[in-house]
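Please follow the chain in the viewer as the text moves from one part of the fold to another. The paragraphs take up strand pairing, then helix packing, and finally the chain as a whole.

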Amino acid sequence: MSSHQKQRTYYIVSGNRIKGILFGIFTLIFLSTIFTYEKAYAGEKHYSIMIGDADKNYTYYSYNNEETALALEISSEGKLMIPAWAFAKQSAALTYSYNKETNSVIIKNTVNKKSIKFVKGASKATVYSALTKTTETIAVESPVYISKISKAVMVPAALLHYIMEDGGYHYYNQSAMTACGYDTTDTYGVFVYNPYTKVTKLPKATSVSGIPYTVTVTIPEGYSISQIFNLLVKKGVCKSTDLLFDACENYDFSYYPLVAALPKSSMRCFRLEGLLFPDTYEFYHLMSGEDIIGKFLRNSESKLSDLSAEAEDMGYSLYDVLTVASIIEKETGSKKEKANIASVIYNRLDANMKLQMDCCSYYIERYVKPYLTGDINRFNSYYNTYKCSTLPAGPICNPGMVSIHAALHPADTDYYYFCASEDGTYYYAATYEEHLKNLEQIKNQ
């Protein structure tokens, strides 16, 4: 029913909107020993810092709390600025001093005897080596200032490498962080500093202090398998979506009754779609794909296994009910409308009418095709409910309990059609003529 599109699109997009506005693209360009920054994601993404000690033990600081003096900021020139005293305090090799009379900041490395001096508002800084008795003047693209939020003295993060050992700093982007098990849902990149030695690789999250031992992940109701897998990778639970898809499709989970009861079908795109119950989970960093999915399935068994009898009393399998529930989940975000929409689905099935639900085709286009190889259109007809005569080949998302309950307890109606206005008002009809009148009413609103 194409008239559902606006309402359904609102629910899908509103559940996944990125907060804020994207202002630019952040890149690093290494020129000799200096790296500079292009315009960053101001206010959109956070940057983290990792500081190492002489034994190469690292501590992670997110610096993402904008209410405190530990917050990183983006300057008006688009450069990353760091609170100088916090950075120095968290590294045993560094000292920090601020002269109010001259408005100058000095950060010293007590190991290599190098120091850097910034003057508030100045376009130049001075690097001094006590060992070689040499002084170097460098350009400061973003002058030092006092943060209006935290009141901390903010210095350019990019210039602190001048007082490190050669190679004692490195920047790692989200891809590198993901591969090492870091949560990148709210972190754009991490700066790794070590005043004592070279930084040659990003340590795994499991070996770094300051990172929780476990990862808490909340799976929203209505997420597809591909959305779940992407979220798990961003949260540092698994190294890649490929590992998760491989486990999903190839690992033998048949010792779980829910999986053992799955109908054998080559028409279904992802065999475990609908069985990964949306909930809040605790994971470790960089788990294997089969262990992650096993955790989902154990929870799903506890939540769903007792519902099989209810489904059979309706003349359907639990898998069929989960398929219906997944459609309900995508057709509405309104709890009070779910039972009515369930009645429309069952009434059409009982009357041998095609479901004609656009969300099923959207599922294939948005959440399946981008993850397929070979003929990416091979599942189209099995999920296009304008063509297939019954339910689609399987669930189109992982529904929550409210939608599952509605699928098990549909309202008793004679409705065969429904549509919704942009303000979330639903209109139901028993005949096509009534449905057309509802559509006209919505159009004239």
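In this predicted model, an open sheet is built from 5 strands in the order 7-8-9-10-11, and the pairing within the sheet is antiparallel. Its edges are formed by strand 7 (94–99) and strand 11 (134–139), each of which pairs on one side only, and from one strand to the next the twist averages 20 degrees. Strands of a sheet pair through backbone hydrogen bonds, in either a parallel or an antiparallel sense. At one edge, strand 7 is joined to strand 8 (residues 104–109) over 6 bridges in the antiparallel sense, and among the bridged residues Asn-99 has Ser-104, in strand 8, as its partner.

A further antiparallel pair is found later in the chain, where strand 16 (residues 214–218) is joined to strand 17 by 5 bridges, with Thr-216 standing opposite Glu-282 of strand 17. Which residues of strand 17 lie on its covered face, and which on its uncovered one? In strand 17 (residues 280–284), Tyr-281 and Phe-283 make up the covered face, whereas Thr-280, Glu-282 and Tyr-284 make up the uncovered one, so that Glu-282, the residue opposite Thr-216, belongs to the uncovered face.

Two packed helices are described by the angle between their axes and by the distance between those axes. For helix 5 (residues 241–250) and helix 7 (residues 289–304), the axes come within 8 Å and cross at roughly 60 degrees, and the crossing is right-handed. Helix 5 contributes Leu-243, Leu-244, Ala-247 and Cys-248 to the contact, while helix 7 contributes Gly-289, Glu-290, Ile-292 and Ile-293; taken together, the residues of this contact divide into 6 nonpolar, 1 polar and 1 charged.

Loop residues deserve attention as well. Ala-71 lies in the loop between strand 4 (58–61) and strand 5 (73–74). Is Ala-71 buried or exposed? Ala-71 counts as buried because its relative accessible area is 3%, which falls under the 20% cut-off. The C-alpha atom of Ala-71 is separated by 8.9 Å from that of Ile-149, although the two residues are 78 residues apart along the chain.

For the chain as a whole, the secondary structure comes to 14 helices and 19 strands, and 51% of the 445 residues count as buried. Among the contacts with a separation of 6 or more, 61% are between residues 24 or more positions apart. The accessible surface of the chain comes to about 21,000 Å², and 51% of that surface belongs to carbon and sulfur atoms.

Notes
Residues numbered from 1 in each chain as written. Predicted model: local features only at pLDDT ≥ 70, side-chain atom pairs only at ≥ 80, totals over all residues. Heavy atoms only, no water. Axes fitted to C-alpha atoms, helices over the stretch in contact; angles between N-to-C directions. Helix = DSSP H or I, 4+ residues; strand = E, 2+ residues; numbered from the N terminus. Left-handed = near helix turned anticlockwise from the far one by under 90°. Contact = heavy atoms within 4.5 Å. Nonpolar A, V, L, I, M, F, W, Y, C, P; charged D, E, K, R; others polar. Buried < 20%, exposed > 50% of the residue type's maximum accessible area, 1.4 Å probe, protein only. Pairing = 2+ DSSP bridges. Areas by Shrake-Rupley, 256 points an atom, 1.4 Å probe, with all protein chains shown as cover.
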